[in-house]
Amino acid sequence: MKRSIYYLFSAAALLFAACTAEPVIDDTMAGFIPGPTSFSAVMEGDGTKAVIGLNGDGKPQTFWENGDAISVYSSNDTDLSSAAGHKFTTTLSANSLEATFEWDNEGSIPSGNYLATYPNRTAGRGVNFSVSPYRVAAVDIPKSQTLVAGTVDRKACPMVAHASEGSNNLEFKNAAALLKFRVSESNIVAGRIAVDAADAISGRFRADVDVTTFIPTLVTYTGQTYYNYIDFSLNDNTALASGTDYYVAIRPTELTSDLKVYLNGNLVKVINKSQFSEIKRNKIYNLGTLTTPATPLEKVLFFDFTVDQSSVDPSESWPTEKDKAATNQSGGLRCPYNLYGVQYLFTLADCTGASGRRIFWSNTNTYGHRIVFYAAERYFGTPAIEGYKLVNITATSSRLDNTDAAETLEPKIGIVSNIVASKGTPTYVSGGDLQTWAAGNNHEAYNYALSDTEGNTVYYLYAKVKGAVQTLTLTYIPI
């Protein structure tokens with residue numbers, strides 16, 4: 001027996017409603033009271049769901065797409081702690097304002113109060129009807145979002161709906177807000193929305209659902225990771241089309257810092273916190289047409305070493321194992337990383353006079369994908385950019401060796417300006433003093449706020465105790 005949820009969107013208000021069917025009675029379980037077999041649902045305006053197109057009046061309009069799925073939870077489900085939601089999926093031959101969502105299981109979900117989520121969640125239940133407000137855990141605003149012209153990342157815009165016992169009306173309400181923008185240039189392939197570290201705008205949140213209005217509020221909760229940025233790009237990493245609308249989903253929150261927008265790593269717009277102090281749920285904020293200044297006031301470059309080297313270095317010049325390249329040559333070995341169409345050079349160096357070549361970009365099952373300081377006193381030089389100086393480094397740590405799950409080694413990493421012989425002491429940059437990193441595969445981020453640096457100059461991550469790095473975020477400002 002299949003169970004259906006019917007949705008109908010209106011063109012102007014983005015509302016949808018449904019026909020109802022006679023309830024199916026399943027009396028095979030003692031005390032089981034079946035719930036309704038269909039739900040009539042309404043979605044509030046400024047929709048952030050599915051494909052956003054234009055109707056005949058030129059206004060935004062939302063469509064369902066083939067394969068859309070939601071999760072429905074009943075307060076009378078037997079396992080309140082871990083049961084996954086009841087998944088309903090639609091099959092459509094074309095995008096539509098009306099869709100039928102069907103449940104493929106036999107029988108009926110139990111009667112009771114209902115909470116429903118879009119998109120469908122694969123996490124455990126994480127729904128609590130016994131508190132006020134109701135709680136829905138594991139609601140995601142992704143830190144990496146895929147842009148599509150005129151639409152939003154389908155996994156980035158969660159909605160929550162509620163129906164009281166005896167009712168078959170689900171009222172979906174948006175949990176996110178949207179930032180809308182265009183680009184004026186033809187070479188933009190990626191960007192970032194960023195605020196200060198105190199503001200969480202992406203990650204895995206809990207939706208607290210008001211028991212009267214059923215409006216969801218995304219809050220932080222214990223055990224989850226949150227981010228102060230959102231990265232965006234097209235699915236195939238091609239350039240964004242100029243003059244085309246794009247949307248990024250963001251967590252509604254009160255900001256304590258300015259909001260910055262980057263394109264290809266260059267700062268293109270700053271919105272003062274006094275002008276944009278609160279991001280409100282179910283709103284679309286138009287950032288306008290973004291243009292890269294002739295001299296950007298800041299460059300923030302994100303380098304990911306968890307990918308394959310060939311994706312960023314067609315020449316494949318990086319050493320991938322210890323003792324496989326002359327990284328202990330004078331001055332180190334320079335290796336390219338192509339980012340946003342620009343080639344940036346990193347430097348891999350052993351201490352002067354070392355016999356072993358012990359720094360490399362691993363691409364093996366033994367070490368995984370990461371920059372490996374396989375021995376102490378190894379150096380990893382950052383790119384020097386003409387007209388800019390390096391002012392901040394954020395490094396994400398990794399376990400040194402995939403084969404050693406119980407690794408207890410605590411790396412010690414600092415930022416220095418020179419390479420010296422073994423047992424020597426390099427010159428630490430102001431703000432780059434040694435930090436002791438946690439042992440193991442914790443993926444923690446370690447920040448170095450640098451001062452008194454010079455333009456067009458290489459600075460090095462220096463391993464006093466060996467370790468590994470997964471990602472680097474480098475911030476440069478004009479000299």
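## Cysteines without a bridge

Let's start inside the protein. Cys157 is buried, with just 1% relative accessible area. Keep in mind that this is a predicted model. Cys351 is buried too, at 4% relative accessibility. Both count as buried because the cut-off is under 20% relative accessible area.

So how many disulfides does the count come to? The count is 0. As a reminder, a disulfide is a covalent bond joining the sulfur atoms of two cysteines. To be counted here, two cysteine sulfur atoms would have to lie within 2.5 Å.

## A sheet of three strands

Next, the strands. In general, the strands of a sheet pair through backbone hydrogen bonds, and they can do that in a parallel or an antiparallel way. One open sheet in this model has 3 strands, in the order β20-β14-β25, with mixed pairing. Which strands stand at the edges? They are β20 (246-250) and β25 (284-290); each has a single partner strand, so one side of each has no neighbour in the sheet. On average, neighbouring strands here are turned by 25° against each other, ignoring direction.

Now look at how β14 and β20 meet. β14 covers residues 177-183, and its pairing with β20 is antiparallel, over 5 bridges. You can find one spot by eye: Leu178 sits opposite Ala249 of β20.

## A hairpin

Strand β22 (residues 259-263) and strand β23 (residues 266-271) are another antiparallel pair, with 5 bridges between them. Together β22 and β23 make a hairpin, and 2 residues lie between the strands. Asn264, in the turn, has a positive phi of about 50°.

Where does Leu263 find its bridge partner? Look in β23: the partner is Asn266.

## The second largest pocket

Finally, some empty space. You can find gaps by rolling a probe the size of a water molecule over the atoms. In this model, the second largest pocket holds about 550 Å³ of space. Its lining is made of 28 residues, and those nearest the centre are Tyr118, Pro119, Asn120, Arg154 and Lys155.

Which elements give two or more residues to this lining? They are β8 (114-118), β10 (134-141) and β12 (159-163). Of the elements, β10 gives the most, with 3 residues. Sorted by class, the lining of this pocket has 12 nonpolar, 7 polar and 9 charged residues.

How values were computed. Residues are numbered from 1 along each chain as its sequence is written. This is a predicted model: local features need pLDDT of at least 70, side-chain atom pairs count only at pLDDT 80 or more; totals for chains, interfaces and linings use all residues. Side-chain values use heavy atoms; hydrogens and water are left out. Two strands pair if DSSP finds at least two bridges between them. Helices (H or I, at least four residues) and strands (E, at least two) are DSSP runs, numbered from the N terminus. Axes are lines fitted to C-alpha atoms, for helices over the stretch in contact, and angles run from 0 to 180 degrees between N-to-C directions. Buried means under 20% relative accessible area, exposed over 50%, partly exposed in between (1.4 Å probe, protein chains only). On a 1 Å grid over the protein atoms alone, a cavity is a set of points where a 1.4 Å probe fits but cannot get out, and a pocket is an open set with protein on both sides within 12 Å along at least five of seven lines; lining residues have an atom within 4 Å of a point. Grid points are joined across faces, edges and corners, and a volume is the space filled by probe spheres set on the points. Ala, Val, Leu, Ile, Met, Phe, Trp, Tyr, Cys and Pro count as nonpolar, Asp, Glu, Lys and Arg as charged, and the others, Gly among them, as polar.
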